[in-house]
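Reader: I have the sequence and the coordinates open. Please go through the labels put on this structure and show what each one rests on.

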Amino acid sequence: MIARRLLTSAVSPSEGRPAATPKNAVSQPANRPHWKRDIVLDHYALNGPLFPSDGELIYPYSRARSIYALTVATGSPRWSARPVARVHDIQLTKSSVLAVGPAEASREFMHQYDIVSLEKKSGKEVWRYKTGRVTSVLTTEDESLVIAACDSGDVYGLGTGSGKMAWHAPAPTSNASFDIRLIHLKLLDKLAVTIYREDDTDVVRIIDLRAGKLRGRRELRSYFRPRGVAIPPSDSSRPSGANARWLAIGSGLFYVVIHPSNQNGLNSNRPMELLAIEPNGTIRWVLRTYEISDAPGLHNGVLYVEHLPEIGSAREIIALDAQSGATRWSFQPKGPKSTEATAHAAALLVAENVLLRDSTDDLQALDLATGKALWSASTSGATTNDMVIAAGLIHRTTWANGKSGGVMRHRIADGIEIAALKPDLEVRSVTLARGLLMLQTDQALCAVEPG
């Protein structure tokens, strides 16, 4: 997921002064920020996402600089720390901030990373663990262990309070030609579910969190072929290697969207499958389709999927029972039939018992129980980076014509658009913390009232 000077008020005695207004900025008095902290950009800038904690502090970071602790209500700095040379990820526990990255910039290319635990209140270093290139780090539900997965295939369990290694699940060694890289890491009950690239396909490895022992393994291979595409008889029953595009956990299962990685030269045809997999690696059920537009939404035991059944058919949204895969309802958004696959046609979000479908053309709301259309609102061809619900409004950061804009706002009850938030700067993302909208812009971090 490099600022020369990030949140300058965190190290400057002039923190109480109002932020300078950029040149050529259009003043919007009604949208004046609750508070603002300047950011001076270079190549990387502020790398979010933001991490709100306990309604009091929020933690932004820059990949090439520091981690900062700011008071949510005022934006006042509490502390800043630079535990690694490049911050690649941070995670929060009840008492600590976990930072991941190379201790020295040169180590980034040597796949040598540090995991550093900082006190949440002071930013002081508690412990440091050196390992390979960490691509994902999570804590167990009881926060007793930090689970770190490396692109080498190794997984580590570290004590959250001490940083000492509790167990190590080594990379597979049965085939020396393995090209291993981590794609996903999720935790399910007392299991770690990891997906790695091995040879020509992605492989699921299921690891016991208590002892680090391998509980199950499954290669993600596909026999599915798109309708109407001629397959040589010699290849008709040969499985294809598959790439995993999405992993979710819920209802005692984990769900993976895959598409074939070896298409026998038919690279333009990318049939997809949604797999529901049990903790022991057994496949519970499969949805086969031509294309799944974006990550399905999982809510209260139901999967919401927008997909294209086949070329020339209409795109549809379906609600699937997460346990059985049975279809509860289906809905066809307005629009022409597709003559070719179009990835990321829309994003789905569940909010306040409504399923929101956000596309480049419109924003639609569907009833969760029936799939009935409740309302539709034009979005003027702008795609969405983030969507947050607050004060009865849908807040959408938008991107149009290669340029980020303000925050479009719609009433969640009927979709009617009200005045957009335009805090003088280009908005890149929005996060909700203690009733305030935290806007990450191209030059500042702002807090704005949502109403």
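**Labels and their grounds**

Author: Asp202 counts as buried, since its relative accessibility is 1%. The model is a predicted one.

Reader: What makes 1% relative accessibility enough to call Asp202 buried?

Author: Buried means under 20% relative accessible area. Asp202 has 1%, so the label applies. Asp202 is found in strand E17, residues 201–208.

Reader: Which residues is Asp202 in contact with, leaving aside its neighbours within four places in sequence?

Author: Among them are Ile183, Tyr196, Arg197, Arg218, Glu219 and Ala244. A contact requires heavy atoms within 4.5 Å. For Ala244 there is also a distance: its backbone nitrogen lies 2.5 Å from a polar atom of the Asp202 side chain. The limit for a polar contact is 3.5 Å, and 2.5 Å falls within it.

Reader: How confident is the predictor in the protein, on average?

Author: The average pLDDT is 79, and 76% of the residues score at least 70. The mean is lowest in strand E1 (residues 5–6), at 22, and highest in strand E13 (residues 155–159), at 97. Over residues 263–268 the pLDDT is below 50, and this stretch has nine contacts in the model beyond near neighbours in sequence. Residues 339–344 also stay under 50, with 14 contacts beyond four places in sequence. Where pLDDT is low, the predicted coordinates should not be read in detail.

Reader: Why is strand E38 described as largely enclosed by the rest of the structure?

Author: Strand E38 covers residues 436–441, and six of its six residues are buried, so the description follows. Both faces are covered: Leu436, Met438 and Gln440 are buried on one side, and Leu437, Leu439 and Thr441 on the other.

Reader: What joins strand E37 to E38?

Author: Six bridges join strand E37 (residues 427–433) to E38, and the two run antiparallel. Two strands pair if there are at least two bridges between them, and six bridges meet that condition. Within this pairing, Thr431 stands opposite Met438. The hairpin of E37 and E38 has two residues between the strands, and Arg434 takes a positive phi near 50° there. E38 also pairs with strand E39 (residues 444–448), in the antiparallel sense over four bridges. In that pairing Met438 stands opposite Ala447.

Reader: What makes E29 and E32 edge strands?

Author: Each pairs on one side only. They belong to an open sheet of four strands, in the order E29-E30-E31-E32, with antiparallel pairing. Strand E29 spans 346–351 and strand E32 spans 373–378. From one strand to the next the twist averages 20°. E32 pairs with strand E31 (residues 362–367) over five antiparallel bridges, and Leu366 stands opposite Ala373 in E32.

Reader: How many aromatic pairs does the structure hold?

Author: There are four. One of them is formed by Tyr304 and Trp329, and it is tilted.

Reader: Why is the pair of Tyr304 and Trp329 called tilted?

Author: A pair of aromatic rings is described by the distance of the centres and the angle of the planes. The centres of Tyr304 and Trp329 are 6.0 Å apart, and the limit for a pair is 6.5 Å. Planes under 30 degrees apart count as stacked and over 60 as edge-to-face. The angle here is 40°, which fits neither and leaves tilted.

Reader: What does the pair of Tyr304 and Trp329 tie together?

Author: Tyr304 lies in strand E26 (residues 302–308) and Trp329 in strand E28 (residues 327–331), so the pair ties together parts 25 residues apart in sequence. Tyr304 is buried at 4% relative accessibility, and Trp329 is buried at 6%.

Reader: How do you know that Phe254 is buried?

Author: Its relative accessible area is 0%, and the cut-off is under 20%. Phe254 lies in strand E21, residues 253–260. Leaving aside neighbours within four places in sequence, its contacts include Leu188, Val193, Val204, Ile206, Leu275 and Ile277.

Reader: Is Ser96 buried or exposed?

Author: Ser96 counts as buried, at 5% relative accessibility. Its place is in strand E8, residues 96–101. The side chain of Ser96 makes a polar contact with the side chain of Thr93, at 2.5 Å.

Conventions: Residues are numbered from 1 along each chain as its sequence is written. This is a predicted model: local features need pLDDT of at least 70, side-chain atom pairs count only at pLDDT 80 or more; totals for chains, interfaces and linings use all residues. Side-chain values use heavy atoms; hydrogens and water are left out. pLDDT is the predictor's confidence in each residue, from 0 to 100. Axes are lines fitted to C-alpha atoms, for helices over the stretch in contact, and angles run from 0 to 180 degrees between N-to-C directions. Buried means under 20% relative accessible area, exposed over 50%, partly exposed in between (1.4 Å probe, protein chains only). A polar contact is a pair of N or O atoms within 3.5 Å; within protein, one must be able to donate a hydrogen and the other to accept it, and residues adjacent in sequence count only if both atoms are side-chain atoms.
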